[in-house]
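Colleague: Before I use this model, I would like to go through it piece by piece. Please give cut-offs as you go.

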Amino acid sequence: IDRAILFDAPDDEIVRRLAGRWHCPTCNAGYNYPLQIPKTEGKCDKDGTQLVRRHDDDESVVRNRLDVYKKQTQPIVDFYRREGMLVAIKADQAPDRVFDALLEATKGQKTR
């Protein structure tokens with residue numbers, strides 16, 4: 001391993017993204033408030049079905065998942081940081097900028 005990539009975003013941004021996920025149980029169309037909202041509040045644009053949210057996308061559950069994640073991964077992050085191998089990418093920017101940062105971070109890496 002030459003480097004480790006950390007996609008880093010503030011907790012509030014992660015919670016906003018995950019807690020905003022809704023989907024249609026009939027056709028599986030996905031929506032993400034506030035970025036991709038249905039034309040009629042709470043209804044699928046394709047078939048009018050009431051949108052639902054997964055239990056684990058509830059804000060309190062997401063925050064708990066983040067706490068567990070941090071406790072379990074922080075020692076790994078610290079290790080790679082001490083070894084000078086950690087590359088942190090700001091993941092709360094536009095997807096194309098995150099992708100460009102990932103490409104830059106992996107430049108010169110051999111693939112199998």
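Colleague: Is Y80 buried or exposed?

Modeller: The relative accessible area of Y80 is 18%. The classes are buried under 20%, exposed over 50% and partly exposed in between, with a 1.4 Å probe and protein chains only. At 18%, therefore, Y80 is buried.

Colleague: What pLDDT do side-chain atom pairs need in order to count?

Modeller: Residues are numbered from 1 along each chain as its sequence is written, and side-chain values use heavy atoms, with hydrogens and water left out. This is a predicted model, in which totals for chains, interfaces and linings use all residues, local features need pLDDT of at least 70, and side-chain atom pairs count only at pLDDT 80 or more.

Colleague: In what order do the elements run from the N terminus on?

Modeller: Helices (H or I, at least four residues) and strands (E, at least two) are DSSP runs, numbered from the N terminus. The protein has three helices and four strands. From the N terminus on, the order is β-α-β-β-α-β-α.

Colleague: What is the radius of gyration of the protein?

Modeller: The radius is taken over C-alpha atoms, and the globule rule is 2.2 Å times the number of residues to the power 0.38. For a compact globule of 112 residues the expected figure is near 13 Å. The C-alpha atoms fill a box of roughly 50 × 30 × 25 Å along the principal axes. The protein itself has a radius of gyration of 18 Å.

Colleague: What share of the 112 residues counts as buried?

Modeller: The accessible surface (Shrake-Rupley method, 1.4 Å probe; for residues, only the protein chains shown count as cover) comes to about 8200 Å². Carbon and sulfur atoms account for 52% of that surface. The buried share of the residues is 26%.

Colleague: Which residues make up the largest nonpolar core?

Modeller: A nonpolar core is a set of buried Ala, Val, Leu, Ile, Met, Phe, Trp, Tyr and Cys residues joined through side-chain atoms within 4.5 Å. Apart from its neighbours within four places in sequence, C44 has contacts (heavy atoms within 4.5 Å) with C24, C27, A29, Y31, T49 and L51. The largest core has six residues: C24, A29, Y31, Y33, C44 and L51.

Colleague: And what are some members of the other core?

Modeller: This core lies apart from the largest one and has five residues. In helix α1 (residues 11-19), the buried residues are E13, V15, L18 and A19, and their cover includes β2 (21-23) and α2. Members of the five-residue core include V15, A19, V62 and L66.

Colleague: With which side chain does the side chain of D57 make a polar contact?

Modeller: D57 sits in the loop between β3 (30-32) and α2 (59-82), and it counts as buried because its relative accessibility is 2%. Outside its neighbours within four places in sequence, D57 touches L18, A19, R21, V62 and R65. A polar contact is a pair of N or O atoms within 3.5 Å; within protein, one must be able to donate a hydrogen and the other to accept it, and residues adjacent in sequence count only if both atoms are side-chain atoms. At 2.6 Å, the partner is R21.

Colleague: How many aromatic pairs does a search of the whole structure find, and which residues form them?

Modeller: Rings of Phe, Tyr and Trp (its six-membered ring) pair if their centres lie within 6.5 Å; planes under 30 degrees apart are stacked, over 60 edge-to-face and the rest tilted. The search finds two pairs; in one, W22 and Y33 are edge-to-face, 6.4 Å centre to centre with 75 degrees between the planes. W22 lies in strand β2 and Y33 in the loop between β3 and α2, so this pair ties together parts eleven residues apart in sequence. Also edge-to-face, at 5.1 Å and 75 degrees, are F79 and Y80.

Colleague: How far apart in space are the C-alpha atoms of M85 and A4?

Modeller: M85 is in the loop between α2 and β4 (86-90), and at 17% relative accessibility it counts as buried. Beyond its neighbours within four places in sequence, M85 is in contact with I1, D2, R3, A4 and Y80. M85 and A4 are 81 residues apart in sequence, while their C-alpha separation is 5.9 Å.

Colleague: Which peptide bond is cis?

Modeller: Most residues other than glycine have a negative phi, and most peptide bonds are trans. N28, in the loop between β2 and β3, has a positive phi near 70 degrees. P34 lies in the loop between β3 and α2. The cis bond, with omega near 5 degrees, runs from Y33 to P34.
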